[in-house]
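Subject: A structure for you, with notes on its helix packing and cavities

Hi,

I am passing this structure on to you, along with some notes. Please have a look at it first and then read on.

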Amino acid sequence: MALLGLPLNVYLPAFWGEVMGLGLTTVGTVLLATRLLDGVTDPLIGWLSDRTRTGFGRRRPWIAAAVPIAAPAVWLLFVPPSGAGALHLFVAASLVYLGWTMVNVPYSAWGAELSRDYNERTRITSWREAATIAGIVASAVVPAVVSGGIAADLRALAITMLALSVPAFIGLFTLVPEPVAPGRGGERRTLREFLEPLRRNRPFLRLLAAWIVNGIANGLPAALFLLIATHLLDAEARSGLLLLVYFVTGVAAVPFWGWLARRTSKHRAWCASMLWAAAAFAFVPLLGPGDWMAFLIICVLTGASLGADLALPPAMQADVIDLDHAESGSPRAGLFFAAWSMAQKGGNALAVGVGLPLLEVLGFRTGPAGVQGLGALVGLYAVTPIALKLVAVALMWRFPLDRDAQAAIRARLERRG
């Protein structure tokens, strides 16, 4: 699954904007439009997967159904025919995101249901997200090995992820148990009735808001990374190495953030990681052509915070789901992770759909005469994410669901039986 993330967020905007000739504004607008469909599909699939009861399980059928939808769409998105335009991009991207939703929402809910223990949930999500980062590292290694330009890199990535998906999903279906579904108390409620309590769950709304803000803060540098490497650092040939170092550091840092979360709390550890990344981003405006070694150090520092971004918020989300279950009596992990997925994709979509057109509005241009508006590129890449991460820290610093609060919620659920 993680092999898909890097090309979608990093390579795709530059490929369709420059290689396929659509322009950054058109690509940003089309990709933002595809994400609007998630406003319907994400909660719908979360609700349906919570209600599903089959001999194959509750989450497995949705993931199995997603594969024949997403696999051909990935190829059409990454290896488009000559002359493909905005309509092709919209259709292929929409199908990829639909397949992604059908996999990711049930998959995330499945993971949240594997344990009820506060610390063990952190361990589960830490290992899972370390594997996610390992997959992203693999997606950075493939282009470094191919070294044939962005079109050849995307073709190699598509072949790699499609080949690996078969044994990966077989392993998921056969080796990972699905816990027995909780009681059917709220199962017959309508989708609207299921959605209503989300509005009243204040910890959920707070966590969701911080996740969206931090998602935009991460999405902007991802979408603009290749432009920074090429036009600020004059180091396009080093971009694969820089990405590789960034993600390897993220993998290495996951155990540290898990340790810090156990010593303090999940939300304080996450806040510390966001402050760390903001401090590192502050040095980007000081760089110029040839400074790729200094940027490599920044990649190490910001990469260290990546493990926390991936591992800790999903563990907190499982605690928020417990609170909802205790108050409503309905098990709705799928619905909550649908909202979570929608927020994640929405943050990335805003980063691309607003960031790329805004970059051109602010005067960024490339051409035979050189690069114009480099300050706008640096500002959107580094300065704006700093401000956004500080907002996310303010939202999460006093998050109410710590270890003691979660233990009290679990006690309520156990008394209820």
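R60, I63, A64, V67, A71, V74, W75 and F78 of helix 4 are in contact with L154, R155, A158, I159, M161, L162, F169, L172 and F173 of helix 7 (contact means heavy atoms within 4.5 Å; helices are DSSP runs of H or I with at least four residues, numbered from the N terminus). By class, this contact has 15 nonpolar, no polar and 2 charged residues (Ala, Val, Leu, Ile, Met, Phe, Trp, Tyr, Cys and Pro count as nonpolar, Asp, Glu, Lys and Arg as charged, and the others, Gly among them, as polar). Helix 4 covers residues 60-78 and helix 7 residues 150-175; their axes come within 10 Å and cross at roughly 170° (axes are lines fitted to C-alpha atoms over the stretch in contact, and angles run from 0 to 180 degrees between N-to-C directions). The two helices are therefore roughly antiparallel (angles over 145 degrees count as roughly antiparallel, under 35 as roughly parallel, 65 to 115 as roughly perpendicular and the rest as oblique).

Before I go on: this is a predicted model, in which local features need pLDDT of at least 70 and side-chain atom pairs count only at pLDDT 80 or more, while totals for chains, interfaces and linings use all residues. Residues are numbered from 1 along each chain as its sequence is written, and side-chain values use heavy atoms, with hydrogens and water left out.

Now to helix 11 (residues 266-281) and helix 14 (residues 374-396), whose axes cross at roughly 160° and come within 9 Å. That makes helix 11 roughly antiparallel to helix 14. Their crossing is left-handed (the near helix is turned anticlockwise from the far one by less than a right angle; clockwise would be right-handed). Helix 11 contributes H267, W270, C271, M274, L275, A277, A278 and F281 to the contact, and helix 14 contributes Y381, A382, P385, I386, K389, L390, A392, V393 and M396. Of these residues, 15 are nonpolar, 1 is polar and 1 is charged.

How do helix 9 and helix 10 cross, left-handed or right-handed? Their crossing is right-handed, with axes that come within 10 Å at roughly 130°, so the pair is oblique. F225, L226 and A229 of helix 9 meet S239, L242 and L243 of helix 10.

Finally, the structure has 3 cavities of 30 Å³ or more (on a 1 Å grid over the protein atoms alone, a cavity is a set of points where a 1.4 Å probe fits but cannot get out, and lining residues have an atom within 4 Å of a point). The largest has a volume of about 60 Å³ (the space filled by probe spheres set on the points, which are joined across faces, edges and corners). Its lining includes R121 and R128, and helix 6 supplies the largest share, 4 residues.

Best wishes

Conventions
On a 1 Å grid over the protein atoms alone, a cavity is a set of points where a 1.4 Å probe fits but cannot get out, and a pocket is an open set with protein on both sides within 12 Å along at least five of seven lines; lining residues have an atom within 4 Å of a point.
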